[in-house]
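Here is a quick tour of a protein model, going from helix packing to a pocket and then to a sheet. Keep the structure open while you read.

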Amino acid sequence: TMTEAGPFEKLVTLQIPEAEVDKAKGAAARKLASELKIPGFRPGKAPRPVVEATVGADRLRAEAIEEILPTVVTGALEELDLNPAVTPAVENMRDTDEGLEVDVKVTMWPVLDELPNLEGLEVEVTGAGVDDDELQENIDRMRDQFAELETVERSAASGDYVAINLSATIDGEVVEEAAAEDLLYEIGSGAFIDGIDPHLNGSSAGDFVAFSGPLPTGFGERAGKDVDFRVLVKEVKQKKLPDLTDEWVDDVTEFETVEEFTDSLRGRIGEMKKSQVANEFRVKLLDQLIDEMEIEIPEAIIDGEMESIFHSFSHRLEAQNISIADYLQITGQDQQAFIDDLKSQADRNVRTNVLLDAVGPSVNLEVGQDEYRELVEALAEQTEEDADELISRFAETNQEKELRSDILRRKALDALLEAAVAIDSEGNPVDQSPAEEAVEET
């Protein structure tokens, strides 16, 4: 029998006759006999009565139920024409006069009753234009790479460099490995010694600066111990950027004139911003539509997606020899914040897929055999397998359905992006199309 258990959830109650349970005890006894060491019998050869006497009637019956339940549940789902989205969960089991009664919760994939309104859909995004200040900032960043240092007769400020002699002591004992001469240090970089910047900021050539602080990492057992630092400021240097001239451009770039260089740079920045805008448009469009969806997602679906995200993420960390504990320490997250973030990602992923699943039929999207084969061939190339063998293997499992669903979702997203319009803060359409050269490269 089947009853509603919640949004997209069914409670299926199965009646299993005691005779079926008793029949399954034979297989359960053989399995237990192979796992147990029963005196006088080789592994797997002890008869059922001996196994039952060894483990007890309750244990054998429980093993028999575990043995028979997957087959019974699968048969019931086929009979009821149910296609669960996650593994069905046993909610309750009860002994009856006839045998066993089992309640199984079956969670179905959520289906959206009604699409959000797609007509006249506008999404506000950041403009893709390149203003003069932005262009100049990028030019100065490049000039900074070719900057030279010149000595100045003034106090040091953040961004300046100072040539220093450094010494350190602990309770009057000199720490030889912390000593340095003619060390060139950038004020404000926060590098080398924690807390040194405020003491050097405003110093001049010839000044002595004294302060206490911890030794940085790299000093073995002494790392982290407070020491007394003494610093002699020998010189103050500032960066001198090269002038933006045709000669400099010709020397350090592929261009001959400032005009050619700036035009090309403006174009490259524009293309990069268009790519950023396209990504922003996609994210904001989905967020906007998801916020309009009125649908309750079963917890089992969210939990399954969380597990998938976690396994994928942990495998990437393992490839870098980083544990989850190390990652949490590096990022400063606590475990609950990490779990909450996983749940938020899972919820959005599921809602996105539910939305895209609803879009496909509304615009009559289909997956052609050529499209499917193209995807399988790409997978075959990655795994160095034969495409025809993969197609045959996927047809025997649920993978073909999943792959076709992925293609449909990508096509549905393209349809959404085509239906919506990206606008700036003033309501003007924003061009996201890349230049012809970029399209060809892509």
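## Helices that cross

One cut-off first: an angle of 65 to 115 degrees counts as roughly perpendicular. Keep in mind, too, that this is a predicted model.

Now look at helix α7 (residues 258-292) and helix α13 (residues 399-419). Their axes come within 11 Å and cross at roughly 95°, so α7 and α13 are roughly perpendicular to each other. On the α7 side, the contact uses Phe281, Arg282, Leu285, Leu286 and Leu289, and α13 answers with Leu413, Leu416 and Leu417. Sort those residues by class and you get seven nonpolar, no polar and one charged.

## A second partner for α13

Helix α11 (residues 369-383) also meets α13: the two axes come within 10 Å and cross at roughly 110°. That angle makes α11 roughly perpendicular to α13 as well.

Who does the touching here? From α11 there are Gln369, Glu371, Tyr372, Leu375, Val376 and Leu379, while α13 brings in Glu400, Leu403, Arg404, Ile407, Arg410 and Lys411. The class count for this contact is six nonpolar, one polar and five charged.

## The largest pocket

Helix α13 turns up again in the largest pocket, which has a volume of about 940 Å³. The lining takes in 31 residues, and the ones closest to the pocket centre are Trp109, Asp357, Glu402, Ser405 and Arg409.

Three elements give two or more residues to the lining: α8 (299-319), α10 (335-362) and α13. The largest share comes from α10, with eight residues. As for chemistry, the lining of this pocket has 15 nonpolar, seven polar and nine charged residues.

## A four-stranded sheet

Over to the strands. Four of them build an open sheet in the order β1-β2-β4-β3, and the pairing is antiparallel. β1 (2-6) and β3 (89-95) sit at the edges with a single partner strand each, so one side of each has no neighbour in the sheet. On average, and ignoring direction, neighbouring strands in this sheet are turned by 25° against each other.

Walk across the sheet pair by pair. β1 and β2 pair antiparallel over four bridges, with threonine 3 bridged to leucine 11 in β2. These two strands form a hairpin with two residues between them, and phenylalanine 8, in the turn, has a positive phi of about 65°. Next, β2 and β4 run antiparallel and are joined by nine bridges; threonine 13 stands opposite aspartate 103 in β4. Finally, β3 and strand β4 (residues 99-107) pair antiparallel over six bridges, and valine 90 has valine 104 of β4 as its bridge partner.

## Helices on the sheet

Which strands does helix α3 (residues 57-80) touch as it packs on the sheet? The list is β1, β2, β3 and β4, and the direction of α3 makes about 125° with that of β2.

Helix α1 (residues 18-35) lies across β2 (9-17) and β4, running at about 75° to β2.

Note on methods
Residues are numbered from 1 along each chain as its sequence is written. This is a predicted model: local features need pLDDT of at least 70, side-chain atom pairs count only at pLDDT 80 or more; totals for chains, interfaces and linings use all residues. Side-chain values use heavy atoms; hydrogens and water are left out. Axes are lines fitted to C-alpha atoms, for helices over the stretch in contact, and angles run from 0 to 180 degrees between N-to-C directions. Angles under 35 degrees count as roughly parallel, over 145 as roughly antiparallel, 65 to 115 as roughly perpendicular and the rest as oblique. Contact means heavy atoms within 4.5 Å. Ala, Val, Leu, Ile, Met, Phe, Trp, Tyr, Cys and Pro count as nonpolar, Asp, Glu, Lys and Arg as charged, and the others, Gly among them, as polar. On a 1 Å grid over the protein atoms alone, a cavity is a set of points where a 1.4 Å probe fits but cannot get out, and a pocket is an open set with protein on both sides within 12 Å along at least five of seven lines; lining residues have an atom within 4 Å of a point. Grid points are joined across faces, edges and corners, and a volume is the space filled by probe spheres set on the points. Two strands pair if DSSP finds at least two bridges between them.
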